[in-house]
Amino acid sequence: PGTVPVTLKVNGQTHSVQIDPRATLLDTLRETLHLTGTKKGCDHGQCGACTVHVNGRRVNSCLTFAAMLQTAAIETIEGLGQPGNLHPMQAAFVEHDGFQCGYCTSGQIMSAVAMLKEPWGPADADVKEAMSGNICRCGAYPNIVAAVQSIRH
Ligand code: FES
């Protein structure tokens, strides 16, 4: 199949790439731009491992065509913080042990950061509902909630 030229702005950097118009944002991030912090779990919108921000809102990058995002501001976990200069939410996940194997963690953190700008209530139950699109197969949920709540309060 043919490819199309696409210009993507990821973590403040502009990338001109040549991609299959059917390529997902997830595959483009990982395979074309080599930003592998964003993870592929289910590849069909069920697990949240692939969560990134598009114009500040969380999206499942496995359900989004990269070619549709020419004018969008895309942020991935690599843009959020770096070793030695972690985003407060990343530091909170470390502090509260908000992971076990870590595969879901970048999606959890991207989801949590965007969720803080959404109109959810302060109760643990609201955090669980707000984060229900992000699955943790290890079951680290109590610590994930504690990490998110430590930033909210
Ligand atoms: Fe996108 Fe699971 S990989 S939701």
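Tutor: In what follows, two strands are said to pair if DSSP finds at least two bridges between them. The model under discussion is predicted.

Student: In which sense do E3 and E4 pair, and which residue in E4 does His53 stand opposite?

Tutor: Strand E3 covers residues 51-54 and strand E4 residues 57-60. The two form a hairpin with 2 residues between them, and Asn55 in the turn has a positive phi of about 50°. They pair over 4 bridges, and the sense is antiparallel. Within this pairing, the residue opposite His53 is Arg58.

Student: How many bridges pair E1 and E2, and which residue in E2 does Thr7 stand opposite?

Tutor: E1 and E2 also form a hairpin with 2 residues between them, where Asn11 in the turn has a positive phi of about 55°. The antiparallel pairing of E1 with E2 extends over 7 bridges. Facing Thr7 in E2 is Ser16.

Student: Which strand do 2 bridges join to strand E1, and what stands opposite Val10?

Tutor: Strand E1 (residues 4-10) and the strand joined to it by these 2 bridges run parallel. That strand spans residues 73-75 and is E5. Its residue opposite Val10 is Ile74.

Student: Which strands stand at the edges of the sheet, and why is one side of each left without a neighbour?

Tutor: The 5 strands make an open sheet with mixed pairing, in the order E2-E1-E5-E3-E4. A strand with a single partner has no neighbour in the sheet on one side, and therefore the edge strands are E2 (13-19) and E4. From one strand to the next, the twist averages 40°.

Student: How many of the 7 residues of E2 are buried?

Tutor: A residue is buried if 20 or more other C-beta atoms lie within 10 Å of its own. E2 is hardly covered, and the count of its residues that are buried is 0.

Student: What does H4 touch on the sheet, and which elements are included in the cover of its buried residues?

Tutor: H4 packs on the sheet, where it touches E3 and E4, and its direction makes about 35° with that of E3. Of the 11 residues of H4 (105-115), 9 are buried, so the helix is largely enclosed by the rest of the structure. The buried residues include Ser106, Ile109, Met110 and Val113. Among the elements that cover them are E3, E4, H2 (77-80), H3 (88-95) and H6 (141-152).

Student: Are H3 and H6 parallel or oblique to each other?

Tutor: Their axes come within 8 Å and cross at roughly 135°, and H3 passes H6 in a right-handed crossing. The residues that meet include Ala92 and Phe93 in H3, with Ala147 and Ile151 in H6. Angles over 145 degrees count as roughly antiparallel and those under 35 degrees as roughly parallel. The angle of roughly 135° therefore makes H3 and H6 oblique.

Student: What is the radius of gyration of the protein, and why does it count as compact?

Tutor: The protein has 6 helices and 5 strands. Its radius of gyration is close to the value that the globule rule gives for 153 residues, so the protein is as compact as a globular protein of that length; the radius is 15 Å.

Student: What percentage of the contacts with a separation of 6 or more is accounted for by residues 24 or more positions apart?

Tutor: Of the 153 residues, 36% count as buried. Among the contacts with a separation of 6 or more, the share from residues 24 or more positions apart is 57%.

Methods: Residues numbered from 1 in each chain as written. Predicted model: local features only at pLDDT ≥ 70, side-chain atom pairs only at ≥ 80, totals over all residues. Buried ≥ 20, exposed ≤ 12 C-beta atoms within 10 Å, placed from the backbone. Contact = placed C-beta atoms within 7 Å. Rg over C-alpha atoms; globule rule 2.2 N^0.38 Å. Axes fitted to C-alpha atoms, helices over the stretch in contact; angles between N-to-C directions. Parallel < 35°, antiparallel > 145°, perpendicular 65-115°, else oblique. Left-handed = near helix turned anticlockwise from the far one by under 90°.
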